[in-house]
Amino acid sequence: MAIVNQISTPQTGNAAENVTREVISDNSIEDKGTVEVIRNIGNPNSKKIAYVVGVHPLENETHRTLLKILPNLTDLNYCYDIYVINVTEDIGHYGDGASDNSPGRQNGQNLALKYVYPQILNGDYELAIDVHSNVGAYPFKTFVFSPVKESLSVEYANEVAQNSENISYYAPESTTSGPYLTVPLNENGVPAFYYEEYSFAPQEDKDMHMMELIYNVDNLNL
């Protein structure tokens with residue numbers, strides 16, 4: 001299968017024995033991108049958690065970090081699927097983290113609502129995590145949060161933060177992507193929260209923080 005932008009799927013070894021990959025978008029001309037899902041990472045006989053990358057395409061360095069690490073882990077308690085959104089039009093300059101008004105953001109959000117949201121809503125998931133990055137305009141650079149207050153997702157995100165040395169809980173006043181994925185998921189019974197990484201952190205720090213996120217999520221009592 002061809003994935004046409006710069007978020008490539010991982011090449012895995014023995015950890016990928018049960019892993020499958022599937023394009024779930026239907027090549028509609030109005031989509032301006034594709035959506036792929038990588039399924040059955042970790043323990044395929046356990047409860048399911050979804051990660052989502054690519055909603056905002058300029059934030060792809062953090063997306064790549066998850067795709068590099070998660071599919072190669074063999075000691076996970078839960079089963080993980082990664083939804084990979086690949087925006088192909090009006091992307092902007094990859095990795096600069098500054099072109100927040102790129103139309104690619106809306107293209108990614110539209111793909112999330114059309115393809116990812118219904119799959120997660122109807123897929124028996126216990127939790128969903130939407131992976132993003134930021135340019136450092138917030139009081140915290142690496143953090144988790146839920147856009148829906150007084151929800152189970154707030155409890156899960158707070159627990160992840162409390163068990164992390166480098167990940168805080170901080171909720172911005174608003175999000176552009178919330179109405180396209182995390183908000184409707186929370187409102188319809190699937191806890192969903194954001195992970196935000198600092199765009200300009202050294203890659204070794206991104207790797208360390210991502211490992212911290214993955215294992216603290218994996219240790220949640222779902």
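Hi everyone. Before we start, one working definition: two residues are in contact when they have heavy atoms within 4.5 Å of each other. Please also keep in mind that this is a predicted model.

With that in hand, let's begin with helix α1. The buried residues of α1 pack against β2, β3, β4, β5, β8 and α5. Which residues of α1 are they? They are Asn 60, Thr 62, His 63, Thr 65, Leu 66, Leu 67 and Ile 69. That makes 7 of the 10 residues of α1, so the helix is largely enclosed by the rest of the structure. Helix α1 covers residues 60-69 and lies across β2, β3, β4, β5 and β8, running at about 135° to β5.

Now for the sheet itself. It is an open sheet of 8 strands with mixed pairing, and the order is β1-β2-β4-β3-β5-β8-β6-β7. Strands β1 and β7 stand at the edges with a single partner strand each, so one side of each has no neighbour in the sheet. Further in, β2 and β4 run antiparallel and are joined by 8 bridges. If you'd like a spot to find on screen, look for Val 37, which stands opposite Tyr 83 in β4.

What about the nonpolar residues? The largest nonpolar core has 33 residues, and those with the most contacts inside it are Tyr 51, Leu 70, Ile 82 and Val 217. Several elements, including α1, α3 and α5, each supply at least two residues of this core. A second, separate core has 22 residues, among them Ile 91 and Tyr 125. Going back to Leu 70, its contacts beyond four places in sequence are Ile 41, Tyr 51, Leu 76, Tyr 80, Ile 82 and Ile 214.

Let's finish with charged pairs. How many salt bridges are there? The count comes to 7. One of them joins Arg 39 to Asp 81, with the closest N and O atoms 3.7 Å apart. Arg 39 sits in β2 and Asp 81 in β4, so this pair ties together parts that are 42 residues apart in sequence. Are these two residues buried or exposed? Both Arg 39 and Asp 81 are buried. They also belong to a network of salt bridges with Glu 22.

Another salt bridge brings us back to our helix: the side chains of Lys 68 and Asp 207 meet at 2.8 Å, N to O. Lys 68 is in α1 and Asp 207 in α5, 139 residues apart. Unlike the buried residues of α1, Lys 68 is partly exposed, with a relative accessible area of 40%.

Thanks for listening!

Definitions and conventions:
Residues are numbered from 1 along each chain as its sequence is written. This is a predicted model: local features need pLDDT of at least 70, side-chain atom pairs count only at pLDDT 80 or more; totals for chains, interfaces and linings use all residues. Side-chain values use heavy atoms; hydrogens and water are left out. Two strands pair if DSSP finds at least two bridges between them. Helices (H or I, at least four residues) and strands (E, at least two) are DSSP runs, numbered from the N terminus. Axes are lines fitted to C-alpha atoms, for helices over the stretch in contact, and angles run from 0 to 180 degrees between N-to-C directions. A nonpolar core is a set of buried Ala, Val, Leu, Ile, Met, Phe, Trp, Tyr and Cys residues joined through side-chain atoms within 4.5 Å. Buried means under 20% relative accessible area, exposed over 50%, partly exposed in between (1.4 Å probe, protein chains only). A salt bridge is a side-chain nitrogen of Lys or Arg within 4 Å of a carboxyl oxygen of Asp or Glu.
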